[in-house]
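Here is a friendly walk through one protein chain, from its overall layout to a few residues worth a look. Keep the viewer open as you read.

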Amino acid sequence: SSVFTPIGSSLSKDANLSVYALMLQSLYGLVQIVGPTSILLLASLSYLEIPYKTWLKYIWRFVLILFIIIFITLMVVSLI
């Protein structure tokens, strides 16, 4: 709950809560793609015998592009 305190304090009566929901869900999904605690990721990498560092070196550009798309989408949605 301490993570959401700054967000909660910045909310006002006319705040767009859907933008906050979209932000939290998008970034959570992005972390789940890359996070080494994802069971599906670890199982797949071990089955294919790919080290996590090698996979991370390959996927970082894709994650960066996703982050930029999320950022642009949030900017557009917050301006609407």
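The report below moves from the fold to the core, then to the surface patch and a loop residue.

**Overall layout**

This is a predicted model. Its secondary structure comes to four helices and zero strands, so, reading from the N terminus, you will meet the elements in the order α-α-α-α. The protein has 80 residues, and 16% of them count as buried. About 6,600 Å² of the protein is exposed, with carbon and sulfur atoms supplying 73% of that area. As for how the chain folds back on itself, take the contacts with a separation of 6 or more: 44% of them join residues 24 or more positions apart.

**The nonpolar core**

In soluble globular proteins, nonpolar side chains tend to be buried together. Which residues make up the largest nonpolar core here? There are 10 of them: Val-19, Leu-30, Val-34, Leu-41, Leu-45, Trp-55, Ile-59, Val-63, Ile-70 and Leu-74. Helix H2 (17-34), helix H3 (39-47) and H4 each supply at least two residues of this core. H4 gives the most to this core, with five residues.

Val-34 is a handy place to start if you want to explore the core by hand, as it is one of the core residues. Leaving aside residues up to four places away in sequence, Val-34 touches Leu-41, Tyr-52, Trp-55, Leu-56 and Val-63. Among these partners, Leu-41, Trp-55 and Val-63 also belong to the core.

**The nonpolar surface patch**

Now turn to the outside. Leu-27, Trp-60, Leu-64, Phe-67, Ile-68, Phe-71, Ile-72, Met-75, Val-76 and Ile-80 form a nonpolar patch on the surface, and together they have about 1,000 Å² of accessible area. Which helix gives the most to this patch? Helix H4, spanning residues 52-79, does so with eight residues.

Three patch members can be set side by side with their helix and relative accessible area:

| Residue | Helix | Relative accessible area |
|---|---|---|
| Leu-27 | H2 | 32% |
| Phe-67 | H4 | 41% |
| Met-75 | H4 | 44% |

Why does Phe-67 count as partly exposed? Its relative accessible area is 41%, and the class covers values between 20% and 50%. Leu-27 and Met-75 are partly exposed as well.

Leu-27 sits in helix H2, while Phe-67 lies in helix H4. The two are 40 residues apart in sequence, yet their C-alpha atoms are 8.0 Å apart in space. Apart from residues up to four places away in sequence, Leu-27 touches Phe-67 and Ile-70. Phe-67 is a patch member like Leu-27, whereas Ile-70 belongs to the core.

Met-75 gives another link across the sequence. Met-75 and Val-19 are separated by 56 residues along the chain and by 9.2 Å from C-alpha to C-alpha. Here Met-75 is part of the patch and Val-19 is part of the core.

**A loop residue with positive phi**

Finally, look at Glu-49, which is placed in the loop between H3 and H4. Although Glu-49 is not a glycine, its phi is positive, at about 55 degrees. Is Glu-49 buried or exposed? Glu-49 counts as exposed because its relative accessibility is 71%, and the cut-off for exposed is over 50%.

Technical notes:
Residues are numbered from 1 along each chain as its sequence is written. This is a predicted model: local features need pLDDT of at least 70, side-chain atom pairs count only at pLDDT 80 or more; totals for chains, interfaces and linings use all residues. Side-chain values use heavy atoms; hydrogens and water are left out. Patches are made of residues with over 30% relative accessible area and no salt bridge: like charges are joined within 9 Å, nonpolar side chains (Val, Leu, Ile, Met, Phe, Trp, Tyr) within 5 Å. Accessible areas come from the Shrake-Rupley method with a 1.4 Å probe; for residues, only the protein chains shown count as cover. A salt bridge is a side-chain nitrogen of Lys or Arg within 4 Å of a carboxyl oxygen of Asp or Glu. Buried means under 20% relative accessible area, exposed over 50%, partly exposed in between (1.4 Å probe, protein chains only). A nonpolar core is a set of buried Ala, Val, Leu, Ile, Met, Phe, Trp, Tyr and Cys residues joined through side-chain atoms within 4.5 Å. Contact means heavy atoms within 4.5 Å.
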